[in-house]
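This report covers a ligand site, a nonpolar surface patch and a set of salt bridges. Please keep the sequence and structure open while reading.

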Amino acid sequence: MTAAIESAAPEADARAAAEGDAGFVSRLVRQPLTVVCGVVLLLIILAAVLAPVLSQYGPLEQDLRNINAGPSGDHLLGTDQLGRDILARMMYGGRVTLLGMGEAVIVCTLIGVALGIAAGTIGGWVEVVVMRGCDALLAVPALVLLLVVLGIFGNNEAAAMVTLGVIMAPTLARVVYSATIAVREEPYVAGARVAGLTSAQIMRRHILPAVTGPALTLISIVAAIACMAEAGIGYLGLGVLPPDPTWGNMISDAQQAMTINPWMLVPTGGIIVVVALSLTLIGNGIRDAYMGRSSGSVKAYSWRALAPTVSQEPDSRLDDVEVRTDRRNLVLSVRRLTVTMPRGTGEVPIVDDVSFDVHPGEALGMVGESGCGKSMTISGVLRVLPLGARVQAASIMFKGVELTSLSEHELNAYRGRGIGFISQEPISSLNPAFTVGHQLAEAVRLHQRVGKSEGRRIAQELMTRVRLPDPEVVAKKYPHELSGGMAQRVAIARALAGEPELLIADEPTTALDVSVQAEILDLLRELRERSGMALILVTHDWGVVAEACDRAVVMYAGQVVETADVRPLIQSPEHPYTRALLRSSAVGITPRQNLPVIAGAVPSPGSWPGGCRFASRCEFVQPACTAAPIPMVPVDVDASARCILVALRDQVVAK
Ligand SMILES: Nc1ncnc2c1ncn2[C@@H]1O[C@H](COP(=O)(O)OP(=O)(O)OP(=O)(O)O)[C@@H](O)[C@H]1O
């Protein structure tokens, strides 16, 4: 079994790794600045390596008729005070400087990567010893150590650059260590372990790819520092001694001749600036490519465009019914909310023209299959979307305040304080580095502007309110020490810290077992009854809707397809999707009864059909269903459905 998994996994992983590498390299080469810097650097390295072949003059060769001369046809970059060709000396001198850089980079990479990965993967005492050792080495003054080494080894440049590599290694080790621990706890790494992959395979396929980007970025910066350090050593008259050239001792020569031949400083100083700058920009390019950005990609987003943006629809007039409804008395009123995400050269809508209301004290269920856009609707309201997302709405009104017209900073005053949020994975929303008590007290102090001891007292009160046993003991625990149910109670307590008037819970019970689910729903009901707060419950579970909600909004393929009070909705659903969804749920079935599934799948964003989006899965589909978009049709006061059958039936009844 393990063998089968192993033999299948390498193929898939190799393909993924190859695709990942191809993506990284193609993103890198699509950055014009990085490419230019790479080419410049390559030309400089080639010129240095091929100096004996390419250079017209030797590094020590003198032209005594041309002393301190400027650039000319014979000497492209002029000559120095002894009539030596500056270009030739730079080419030969580059060999020393670039070799020194190479030595420092190789030593730094070998030590830094090995230590970082060892500390990150082995853990335990190895982690402690390595990281404390790195801290100690970082405290050593690098320049003093270099001078000591040069003194001991008699101006041995190689020894100095190897020492520099050792001095820089702890910084790289820290970066590699951080990247390693970030992936070692990822579920896919645990999954690979369970699938029987060896530590070496996990290292090669999962750890190294995660570490490569950050490590390469830092290595290019180490190379830039090494270049400047080598030049500094040469400038101080240490390392390789004149008359042999290095870029550093050439700057020293240029400085001495500055009053007679100021030009000399330009090429000698310039080459170090060019190399150091190129390496730094290449480092930036590697970082961007690693993070999935490429300035030359089909669509380049500016930082401004990458942040979620919100705007009111150009035509934000509300229809008559909406104008007549006094929306300012509602807790939340959303009209024509659309959320788009960038894809390729354009954008795809993932939430489309969604409208709903939440009345004071009401519990609204938002229900639908996975991928229907429930979470994105909530994220659009709260404006906490992935980079590049765009939100457009006629109106998002919270207690009479138009949220679409608020800046990001102004909206922050409502996040947490007016509107609380709890997620499906409470543990991931808690910081693993701080105790539960600390995080709760921090939320209380942030939202209620109280002092430290008052914050701690209110935090204890909140823990009691959410029925956490032994609040004082729980307060001292770290998130990973909590069970799923306890973590969800802590997340609820934290959401209550801002005394919200609306609590949004995104699948709060999905990850919990049935008995804990019931306890959490019971807790939410009690909290709501006590404080009068409204609740939006995002779920795919009709049992949760039936038990905890007053009204429900059914979503399908980014749209609201039906909305009504829960009781009539469950007893006599109007939309065929609601009916099918209810039939496929466990609500009201008898034991051993088979649950019918809805054939087909939810169409994904970008491939929504023009007419009814449920048509391909609907047992009542008619030609008219696919002809044009279907509007929401009122079914009753406060109930409507997006189905042509409802409209047709109403017409028949009217006749
Ligand atoms: N970061 C993202 N970039 C692009 N598309 C996304 C992103 N996140 C979600 N989507 C897409 O948006 C659509 C709606 O996702 P959403 O998470 O809102 O669905 P959902 O109804 O909440 O489902 P679930 O219950 O599984 O969370 C899905 O098709 C999903 O693939």
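The sections below take these topics in turn, and the model they describe is predicted.

## Ligand site

The ligand is surrounded by 13 residues. The closest of them are Ser370, Gly371, Lys374, Ser375 and Met376. By class, the shell is made up of six nonpolar, four polar and three charged residues. Helix α14, which spans residues 374-382, gives the largest share of this shell, with three residues.

Side chains of Ser370, Ser375 and Lys374 each place a polar atom close to an oxygen atom of the ligand. For Ser370, the distance from a polar side-chain atom to a ligand oxygen is 2.4 Å. For Ser375, a polar side-chain atom lies 2.7 Å from an oxygen atom of the ligand. For Lys374, an N or O atom of the side chain is 2.9 Å from a ligand oxygen. The ligand taken alone exposes 630 Å², and the protein buries 65% of that area.

## Nonpolar surface patch

A nonpolar patch of about 1000 Å² lies on the surface. Its members are Val25, Val29, Val35, Val39, Leu42, Leu43, Ile45, Leu46, Val49, Leu50, Val53 and Leu54. Three elements give two or more residues to the patch: α1 (2-29), α2 (32-49) and α3 (51-54). Of these, α2 provides the largest share, seven residues.

Leu42 can serve as an example from this patch. Leu42 is located in helix α2. Its relative accessibility is 51%, and the cut-off for exposed is over 50%, so Leu42 counts as exposed.

## A buried salt bridge between two strands

Across the whole structure, a search finds 25 salt bridges. One of these pairs is Arg335 with Asp357, whose closest N and O atoms are 3.0 Å apart. Arg335 belongs to strand β2 (residues 332-343) and Asp357 to strand β3 (residues 346-358). The two residues are 22 residues apart, and the pair links distant parts of the chain.

Are these two partners buried or exposed? Both Arg335 and Asp357 are buried.

## A salt-bridge network around helix α20

Arg467 forms a salt bridge with Asp522, with 3.7 Å between the closest N and O atoms. Arg467 sits in the loop between α17 (452-465) and α18 (471-475), whereas Asp522 is in helix α20 (residues 514-531). The pair therefore ties together parts of the chain that are 55 residues apart in sequence. Arg467 has a relative accessible area of 33% and is partly exposed. Asp522, at 32% relative accessibility, also counts as partly exposed.

Asp522 has a further partner in Arg525, and their side chains meet in a salt bridge with an N to O distance of 3.2 Å. Asp522 and Arg525 both lie in helix α20, with a separation of three residues, about one turn of the helix. Arg525 is partly exposed, with a relative accessibility of 27%. Which residues are joined into one network by salt bridges that share partners? They are Arg467, Asp522, Arg525, Glu526, Arg530 and Glu547.

Terms used. Residues numbered from 1 in each chain as written. Predicted model: local features only at pLDDT ≥ 70, side-chain atom pairs only at ≥ 80, totals over all residues. Heavy atoms only, no water. Near = heavy atom within 4 Å. Polar contact = N/O pair within 3.5 Å; in protein donor to acceptor, adjacent residues only side chain to side chain. Areas by Shrake-Rupley, 256 points an atom, 1.4 Å probe, with all protein chains shown as cover. Helix = DSSP H or I, 4+ residues; strand = E, 2+ residues; numbered from the N terminus. Nonpolar A, V, L, I, M, F, W, Y, C, P; charged D, E, K, R; others polar. Patch = residues over 30% accessible without salt bridge, like charges linked within 9 Å, V, L, I, M, F, W, Y side chains within 5 Å. Salt bridge = Lys/Arg side-chain N within 4 Å of Asp/Glu carboxyl O. Buried < 20%, exposed > 50% of the residue type's maximum accessible area, 1.4 Å probe, protein only.
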